[in-house]
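Okay, thanks for making time, everyone. I'll put the structure up and then walk you through what I found in it.

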Amino acid sequence: MVEARGAGRSLQCAHDWRAEAPVIGGWVLLLVALGYLGVLFAIAWYGDRRPLYPSHAWLRPIVYALALAVYCTSWTFYGAVGTAATSGLAYLPIYLGPALVFVFFGASYLRLVRIAQRHHTTSIADFVASRFGKSRGLAVLITLIALVAAVPYVALQFKAVAMSVAVLTGTDAGDHGPILADTALYVALLLALFSILFGTRAVDATEHHHGLMLAIAVESLVKLVAFAAVGIYAWGLLASDASPLANTTTLPAPTSDTFLTTFATQTLLAATAIVCLPRQFQVGVVECEDLRDVRRARYAFPLYLAAFTLLVLPIALAGLRSAPPATVHPDSFVLWLPASRGDESLALLAYIGGFSAATGMVIVASVALATMISNELVLPALARVRALRLGERGDLSRLVLWIRRLAIVALAAMAYSYYRLSAGTQSLAAVGLLAFAAVAQFAPAIVGGLYLRSLTRAGVIAGMAGGFALWLYTLFLPSLSGAGLMPDRWLVDGPGGIG
């Protein structure tokens, strides 16, 4: 825990106001989660049967802008507060990067969507491959990179939900425990099931999921309302003269000589992620049905991010000034702050908001990756099998659906395995940046595909493969050292002791 000025004063008076965090039954949280997912499924079902376009065209750009906010995952809901509490302004890059893209490079994003629509693009792998001679090898490479990069990011969502359950039930969030008693296992199974129900009910040649977009838009509203409620609550605590929080505690100031370099690097990674993450490409490019929606989202989406950016500050400050016990991780301040004062209703609302942030990411990422796996890996391989060719089997839509369902289950299994094997002390921000660095390999190919016709397919494949290998060696494998699968010296000396 980072030491903050004034924390000692809070510690002295903490016993006067802070109650023990209420223990909310695990069954209550399970029923709340199931009920919430049931409502979302009903919304998606309605959206599939009554698409917004053209009957409700005025609502479509709003849904599009809100669906882009699937970018705000558990990392931005919980982890940004934890980063602000421990590293001050270091939380800003994850919000600043995407905002800069939409405000200053909106024309480039619009060009991307226009070209993708012209070629009926179904995924980021399909788009990049189409810009370089419809390269099958390039599409396969992008799919594999996206799949590996998604594993820690989906695991992050499992970890966040398990953490939120642990905070509200009063259990130990840092102990995985036996597999059958691990909350994250049931979170993984539940989200895999709903990802299948949301995204693999039918095969659409355009890969448009009207119901899914509507459900994700609703989720974005829910998590914003929940985060705003906690932010306003924290602001009220800070503003109260009678509160022990009214002291001089501030967020930690940057102390590292490399802070500006790190800040700029993370901002660049976040800027590339808003395009290169498969789920963002899915909602922002593949699902876009009217270019006018992009123009309106150019300002609406940055305003959404700005709201989150401002709300982080009071929550982080209130959490620090509350002098939490050493066992309370800053990532859980959003939940712990109301829970520690017995405000169970607000704590449950925060839980729903965090659950929304996690489920939205997992569902859309699962659908996007399942589409890529079926279209770029499995179906081309099956096409070489004479007995499975379209001309001899007829409609393969049922087979495609089952391939995608199995892909979703496999992704959930790999993410849960990573969650169990990786170091339990990793912050949400650390895991999120790991995924951002992986998908950043796609950025040169996308920019080159839009503007630099001199790039060659061989050069793009070589650069992407080399960057991915470097990511595996220097970032992904060291993240497993906490489980004893890799040498611990990698964390200190670098891979192979060359640091």
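So, the big picture to begin with: the chain has 499 residues, and 55% of them count as buried. Keep in mind as I talk that this is a predicted model. On secondary structure, we have 21 helices and zero strands. Contacts next: if you take those with a separation of 6 or more, 85% are between residues 24 or more positions apart. And for the outside, the chain exposes about 20800 Å², with carbon and sulfur atoms supplying 66% of that.

Right, salt bridges. As a bit of background, side chains of opposite charge can pair when their charged atoms come close. How many salt bridges does the structure hold? The count is five, and I'll go through some of them.

Start with D293 and R60, whose side chains meet at 2.7 Å, N to O. This pair links distant parts of the chain, since D293 sits in helix α13 and R60 in helix α3, which covers residues 60-68, and the two are 233 residues apart. Are these two buried or exposed? Both D293 and R60 are buried.

Now look at R292, which forms a salt bridge with D290, and there the closest N and O atoms are 2.6 Å apart. The two partners sit in different accessibility classes: R292 is at 46% relative accessibility, so it counts as partly exposed, while D290 is at 11% and therefore counts as buried. And here's the bit I like: salt bridges that share partners join R60, D290, R292 and D293 into one network.

One more pair, R420 with D182, where the side chains meet at 3.0 Å, N to O. R420 is in helix α17, residues 397-421, and D182 is in the loop between α8 and α9, so this bridge ties together parts that are 238 residues apart in sequence. Why does D182 count as buried? Because its relative accessibility is 3%, and the cut-off for buried is under 20%. R420 has 24%, so that one counts as partly exposed.

Let's move to surface charge. There's a positive patch on the surface, formed by R111, R114, R118, R295 and R453. Which helix gives the most to the patch? That's helix α6, residues 106-118, with three residues. R295 comes from helix α13, which runs over residues 291-321, and R295 is partly exposed, with a relative accessible area of 44%. You'll remember helix α13 from D293 a minute ago.

For a look at the inside, take T143, in helix α8, residues 136-169. T143 has 0% relative accessibility, so it counts as buried. What is T143 in contact with, leaving aside its neighbours within four places in sequence? The list is A125, M372, I373, E376 and L377.

Last thing, some backbone angles. H120 has a phi near 55°, a positive value in a residue other than glycine. H120 is in the loop between α6 and α7, and with a relative accessible area of 64% it is exposed. K134 also isn't a glycine, and it has a positive phi of about 50°. You'll find K134 in the loop between α7 and α8, and K134 is exposed as well, with a relative accessible area of 66%.

That's it from me, happy to take questions.

Terms used
Residues numbered from 1 in each chain as written. Predicted model: local features only at pLDDT ≥ 70, side-chain atom pairs only at ≥ 80, totals over all residues. Heavy atoms only, no water. Patch = residues over 30% accessible without salt bridge, like charges linked within 9 Å, V, L, I, M, F, W, Y side chains within 5 Å. Areas by Shrake-Rupley, 256 points an atom, 1.4 Å probe, with all protein chains shown as cover. Salt bridge = Lys/Arg side-chain N within 4 Å of Asp/Glu carboxyl O. Lys, Arg positive; Asp, Glu negative; His and termini not counted. Charge placed at Lys NZ, Arg CZ, Asp CG, Glu CD. Helix = DSSP H or I, 4+ residues; strand = E, 2+ residues; numbered from the N terminus. Buried < 20%, exposed > 50% of the residue type's maximum accessible area, 1.4 Å probe, protein only. Contact = heavy atoms within 4.5 Å.
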